[in-house]
Every structure is written in structure tokens, then in C-alpha cells.
Amino acid sequence: MTESVKFGGDTDPPTGGPRDAPSAEPSDEQSDERRGPIDDEVNSATDAETEHESAQANTIVEARNLTKTYGSGADAVTAVDGVDLDVEPGTAVGVLGPNGAGKTTTIKLLLGLVLPDSGEALIDGVNVLDSPRRGYRAVAAMLEGARNVYWRLTVRENVRYFARLGDRPADTDRIDALIEQVGLSDKADTTVNELSRGMKQKASLACTLVRDTPVVFLDEPTLGLDVESSLELRRELRTLVDEEERTVILSSHDMDVIEAVCDRVVIMNDGRVVADDPIDELLSVFRTQAYRVRLDGTLSVETKTALESDVGATDWVEGGATTRFDARTVRGEQFHDLLATIRDSRATFRSVDLLEPDLEEIFLEITDGGGEDR
Ligand SMILES: Nc1ncnc2c1ncn2[C@@H]1O[C@H](COP(=O)(O)OP(=O)(O)OP(=O)(O)O)[C@@H](O)[C@H]1O
């Protein structure tokens, strides 16, 4: 969901004035999720009392020992298990993990959409459960793709509607610019239910970004987008962080998106945070350098087997008198061993090129294979 209204793929258009508190989207999670507009929020005096004196002065999103178990007894599933998180303003944090790792539940807990069994979530120092209205003022979120937008409204009507929910409503130019940015200018006056899935996703994104909130949560933002739109979105998200100092927290299975957008990566597995590092550090800690090797000549079966086990040689391309392979896991001095092995063979080097480290390999290594269904 994007934010402040009740969502549904084919819900009626909003008829009343905008409300500025989110509600959970329709789902089978009713017993666990907060429902409906949050009318019971206490007044600002109580808000002040509940305001968190953050130990981390420079933190805009905080999770403190968040834990959530769905179901009970033999059916109990601990989706989130003691998650701590501190996010600095003006950074982009990627949340990675295999299916069922607890990413979406963590985001819903941070948004106050799911009630934790224990722990607390704070946005801009405000406890989102105690003071949802104040917490949500700082946040826009897009969960589960296009379920947040009103399908019977046009793209422009949707974006305009969500724009009005902000403290500083976007003007027509900004609305048009956002619609153009997500590549929907020629569909601006088309009702959302006439759009393709990818276009619905784009409309949903425009609605999320239009409120100019300091914090933006995006769950799988590139799902359903074509390559060009996905690249454009990465640029847009990075601009939000670099030029507007907004904080972006996104979950994605798309490693390229995470690498392109995020300063930091949180990797989850079985409801726990198993790695939380600046992206560069993560890449270098696990860096086994990868090289593409081109040879004149061919290699014996024994040499190939040795290269496969020693330096992760893979993707063999052997044609006539040439050989090409990628050595995927070359650590430090192993590079010299690789050179020596080739020199001892009948082949000679044509070229050796450094390959970019692959975040996906790192992620799979950390999560021990990444779960059954990946
Ligand atoms: N409403 C619910 N009722 C019962 N179990 C749930 C509910 N929501 C999530 N779960 C379970 O909690 C665990 C974590 O789910 P969650 O959706 O948070 O993971 P995820 O990392 O976002 O997964 P994915 O990458 O597949 O979206 C899973 O085992 C899931 O089946």
C-alpha cells in the first residue's frame, strides 16, 4: 500500500476527503494486521510523551528487537525474530533475503501495519504504534505492487489524490513530471484498470513518490517493470537520496537494483538479520575476484578439473584452437596459481579481464544457498 487510504485492486474511488493515516490492505492477514483508519490516535501531548529519545541521534528509522510470530502451536511461524535496525537519514538501504525470510513482515512492522509480539518501531523518533498519525507523516510506502492505487481513477487522478495527502501538496507541474518520470505520460488520462501490470506498478510508484516524504518504503519496486523503466527507477531513487536527502528502504530480489540504489544492505534469513553492512564492504569482505580468461589452445581434462575446484572455473567456451572460461572465486594469491596452472598447460594467454563482483553470489553464500525455492 502506498499510504493513507484503504486500498484494493478494484475498490471504489475515494469519496470523502483524504485521511492521513494508513490502513492495512485487504488480505488474509486480518487477525495480525492493523485494520481501518487509525482514529484512536492520542493527541499531540501524548505524542510528545511517546516521542523516543533516540540513543542514535542520527537515525530516522529504528527497529528495536522486533519479533513477530504468525499462528500458534504447531502452526506457529516466527516471521521476524529479534530484528534491530538503525537507518540514517539520506541513505538507501536494501533488504535482501530468500522467500519467507521476513522482509515484508519487517517492513510492515516498521510501518505499524502488523502488530509485533515484542519490540518497537520508530520513524523519525516517533513510535509508529503509539502515534501512527505522526509517524506516517514522514513515510510513504508501496507494498505488493499496484494494490494501492484506485483502479477506477485515471493515473493523473490517482497521483493528484495522493499528492493532496502530503503536508506540501505537489503542484500540477510536479505531478506531470512524476507521471512522465515513470513513463506514463501517454496513459495519464487512462483509468488504472485498463493498464498492464507493469503500468499499474508505475502508477503506484508515482503515487508513492508524490508526497515527498522523508522516508520511502518500497517492497519489490521493480516487479513487472520493463528494463528501461527499471533503469529509470533506479536513477530516480538514487536522485531522491543524493539530491533530496530522502531515506529509501527497499526490498528486492533484483540484486542489480540493490547494487545500483543502495548504500547499505541488510540480509535476512529465517526472520533474523544475518548481515548488515555498507554495500562496498559486503562486496569486498566476500570478494573473491572473478576473471574472464581467454586462451589460445585447449586444456586437458585434468587441468580443467583442477581449475574448476581451485578457482571456480565455469562457463567454458571451447572452439577450435581457443578456450574461454570464467574463474569465479579467485582469492588473493590464487591468481598467481591460476597463471601458473595455465603456463604449465599447452595453452597460452590471450587475455584476462576482471569481472564485476556479483552481489547475488555473496547473498547466496551468506544465506547458505538462499533457501529452498531460490
Ligand atoms: N499473514 C500471515 N500469516 C501466516 N504466516 C505468514 C503471514 N505473513 C507471512 N507469513 C509467514 O512469515 C514468513 C515470512 O514471510 P514474509 O512475507 O515476511 O517473507 P519475505 O521475506 O517478504 O518473503 P518473499 O520474498 O517471498 O516476499 C513466511 O514463512 C510466511 O509464510
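The following questions and answers go through the ligand shell, the sheets and the helix contacts of a predicted model.

Residues are numbered from 1 along each chain as its sequence is written. Because the model is predicted, local features need pLDDT of at least 70 and side-chain atom pairs count only at pLDDT 80 or more, while totals for chains, interfaces and linings use all residues.

Me: Which element supplies the largest share of the shell around the ligand?
Reply: A residue counts as near the ligand if its C-beta atom, placed from the backbone, lies within 6 Å of it, and of the 14 residues around the ligand, Tyr-70, Ala-79, Asn-99, Thr-104 and Thr-105 come nearest. At least two shell residues are supplied by each of β2 (77-87) and α2 (103-110), where helices (H or I, at least four residues) and strands (E, at least two) are DSSP runs numbered from the N terminus. The largest share, 3 residues, comes from α2.

Me: How many residues of the shell around the ligand are polar?
Reply: Ala, Val, Leu, Ile, Met, Phe, Trp, Tyr, Cys and Pro count as nonpolar, Asp, Glu, Lys and Arg as charged, and the others, Gly among them, as polar. On that division the shell has 4 nonpolar and 3 charged residues, and its polar residues number 7.

Me: Which strands stand at the edges of the open sheet that contains β1 and β4?
Reply: Two strands pair if DSSP finds at least two bridges between them, and in this open sheet 4 strands follow the order β2-β1-β4-β5 with antiparallel pairing. Each edge strand has a single partner, so one side of it is left without a neighbour in the sheet, and the strands in that position are β2 and β5.

Me: Which residue in the turn between β4 and β5 has a positive phi?
Reply: Strand β4 (residues 118-123) pairs with β1 (residues 61-70) in the antiparallel sense over 5 bridges, and Ala-63 stands opposite Ala-121 in β4. On β5 (residues 126-127), β4 forms 2 antiparallel bridges, and the bridge partner of Leu-122 is Asn-127. β4 and β5 form a hairpin with 2 residues between them, and the turn residue with a positive phi, of about 55°, is Asp-124.

Me: What is the bridge partner of Ala-313 in β13?
Reply: The open sheet of 4 strands in the order β12-β13-β11-β14 has antiparallel pairing, and β12 (313-319) and β14 (348-355) stand at its edges, each with a single partner strand, so one side of each is left without a neighbour in the sheet. Between β12 and β13 (residues 322-330), which run antiparallel, there are 5 bridges. The bridge partner of Ala-313 is Ala-327.

Me: Are α4 and α6 roughly parallel or roughly antiparallel to each other?
Reply: Axes are lines fitted to C-alpha atoms, for helices over the stretch in contact, and angles run from 0 to 180 degrees between N-to-C directions; the axes of α4 (residues 155-163) and α6 (residues 197-209) come within 8 Å and cross at roughly 25°. Angles under 35 degrees count as roughly parallel, over 145 as roughly antiparallel, 65 to 115 as roughly perpendicular and the rest as oblique. The two helices α4 and α6 are therefore roughly parallel.

Me: How many nonpolar residues does the contact of α4 with α6 have?
Reply: Two residues are in contact if their C-beta atoms, placed from the backbone, lie within 7 Å, and here Val-155, Asn-158, Val-159 and Phe-162 in α4 meet Ala-203, Ala-206 and Cys-207 in α6. The contact has no charged residue and 1 polar residue, and its nonpolar residues number 6.

Me: What is the class of the angle between α4 and α5?
Reply: The axes of α4 and α5 (residues 172-181) come within 10 Å and cross at roughly 125°. This angle makes the two helices, α4 and α5, oblique to each other.

Me: Which residues of α11 make the contact with α10?
Reply: The axes of α10 (residues 301-311) and α11 come within 11 Å and cross at roughly 175°, which makes α10 roughly antiparallel to α11. From α10 the contact takes Thr-303, Ala-306, Leu-307, Asp-310 and Val-311, and from α11 it takes Gln-334, Asp-337, Leu-338 and Thr-341.
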